[in-house]
Amino acid sequence: MNLGKMITERRKMMGVTQQVLAEKLNVSFQAVSKWENGTSYPDVTLLPELAAVLNLSIDSLLGYPSQSQTDYDNRYNQAGYYWGLAPNSICYEIMRLKPPTKQYRVLDIGCGEGKDAVFLARNGYSVTAFDISEQGLIKARALADHCDVKIDFFKADARDFRLETEYDIIFSSGVFHYIPDKLRSDIVGNLKQHTTQNGINAINVFVRKPFISLAPDMEESEISAGDWKSGELFMYYHDWLFHKNEETIFNCNSSGVPHKHCMDVLIAEKV
Ligand SMILES: C[S@@+](CC[C@H](N)C(=O)[O-])C[C@H]1O[C@@H](n2cnc3c(N)ncnc32)[C@H](O)[C@@H]1O
């Protein structure tokens with residue numbers, strides 16, 4: 001995608017006008033309009049600020065693959081759907097709590113190959129979804145096309161993405177353990193702030209228990225993020241109504257070496 005198209009797409013996704021974007025960057029709206037229709041380019045000194053305002057890395061803004069990729073690209077590059085196509089059980093709980101009596105806006109953070117985003121879209125929700133893996137998004141778009149649903153998929157890094165528009169339902173499965181401890185309060189605060197009244201956040205995260213050894217296949221980005229403490233996720237939502245706050249320990253054989261994980265699952269409503 002060229003630079004102008006990227007700016008237009010991201011600006012619209014954030015729900016801001018050319019004028020608002022121009023004000024944030026201290027340029028005229030005519031300048032933004034010219035960048036978007038490809039008749040001129042932003043000054044190179046403006047790129048860091050433009051990338052930050054659009055919640056992108058400079059690489060992504062210029063159409064290069066992000067440097068902060070995980071090894072998920074390799075996994076998603078294989079035939080078939082790495083995580084299968086069955087939706088996460090949390091999706092059914094979302095449907096029970098917020099049946100699609102109107103087009104609720106859903107954000108799926110770290111949507112992978114899109115199984116949950118597509119499931120929710122097929123059931124009448126208006127879904128936006130992002131992931132850091134381009135390969136995951138390619139699969140996710142193909143799945144949405146196959147199921148004949150429209151989903152706003154885009155590539156972003158949850159660590160530097162901040163919402164500017166509101167959602168009724170924010171969902172994330174298997175992703176929050178990549179969020180470094182220093183950023184958690186800011187990121188969760190941003191999600192809470194951009195959830196509509198009586199909207200819900202449905203999130204799960206792997207947590208550390210001293211009596212469970214570290215998984216043998218932990219990735220570098222997961223280790224460097226720092227452990228999530230048991231109950232930490234719930235604490236961020238102490239002022240919301242809990243529909244679910246559950247901790248489960250389960251067996252896993254992902255690396256061929258049997259091990260255990262502990263996961264906290266939260267479904268909370270903004271009241
Ligand atoms: C365990 S998979 C879960 C995928 C999907 N939520 C599902 O349940 O099928 C974790 C996903 O998080 C994505 N991911 C990892 N770090 C990320 C980040 N910093 N920002 C956005 N997505 C990220 C990976 O690319 C991967 O698709």
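**Exercises: a ligand site and two helix pairs**

Of the 20 residues lining up around the ligand, the nearest are Tyr76, Gly110, Asp131, Asp157 and Ala158. Keep in mind that this is a predicted model.

**Exercise 1.** Work out which polar atoms of tyrosine 76, lysine 115 and alanine 158 sit by the ligand, and how far off they are.

*Solution.*
- Start with tyrosine 76: a polar atom of its side chain is 2.6 Å from a ligand oxygen.
- Next, look at lysine 115, where a polar side-chain atom lies 3.2 Å from an oxygen atom of the ligand.
- Finish with alanine 158: here a backbone N or O atom is the partner, 2.7 Å from a nitrogen atom of the ligand.
- Polar contacts are N or O pairs within 3.5 Å, so that's the cut-off to hold each distance against.

**Exercise 2.** Describe how helix H2 packs on helix H3, and what the contact is made of.

*Solution.*
- Grab the geometry: H2 spans residues 18–25 and H3 spans residues 29–36, with an angle of about 110 degrees and axes 8 Å apart.
- Angles of 65 to 115 degrees count as roughly perpendicular, and H2 and H3 are therefore roughly perpendicular to each other.
- For handedness, H2 passes H3 in a right-handed crossing.
- Now the residues: H2 brings Gln18, Gln19, Leu21, Ala22 and Leu25, while H3 brings Phe29, Val32, Ser33, Trp35 and Glu36.
- Sort them by class and you get six nonpolar, three polar and one charged.

**Exercise 3.** Do the same for helices H7 and H8: what are the angle, the axis distance and the contact residues?

*Solution.*
- H7 covers residues 89–97 and H8 covers residues 115–122; they pack at about 30 degrees, with axes 10 Å apart.
- Anything under 35 degrees counts as roughly parallel, which makes H7 roughly parallel to H8.
- The crossing of H7 past H8 is right-handed.
- On the H7 side, the contact uses Cys91, Tyr92, Ile94 and Met95; on the H8 side, Asp116, Phe119 and Leu120.
- The class tally for H7 with H8 is six nonpolar, no polar and one charged.

Definitions and conventions. Residues are numbered from 1 along each chain as its sequence is written. This is a predicted model: local features need pLDDT of at least 70, side-chain atom pairs count only at pLDDT 80 or more; totals for chains, interfaces and linings use all residues. Side-chain values use heavy atoms; hydrogens and water are left out. Axes are lines fitted to C-alpha atoms, for helices over the stretch in contact, and angles run from 0 to 180 degrees between N-to-C directions. Helices (H or I, at least four residues) and strands (E, at least two) are DSSP runs, numbered from the N terminus. Angles under 35 degrees count as roughly parallel, over 145 as roughly antiparallel, 65 to 115 as roughly perpendicular and the rest as oblique. A crossing is left-handed if the near helix is turned anticlockwise from the far one by less than a right angle, and right-handed if clockwise. Contact means heavy atoms within 4.5 Å. Ala, Val, Leu, Ile, Met, Phe, Trp, Tyr, Cys and Pro count as nonpolar, Asp, Glu, Lys and Arg as charged, and the others, Gly among them, as polar. A residue is near a molecule or strand if one of its heavy atoms lies within 4 Å of it. A polar contact is a pair of N or O atoms within 3.5 Å; within protein, one must be able to donate a hydrogen and the other to accept it, and residues adjacent in sequence count only if both atoms are side-chain atoms.
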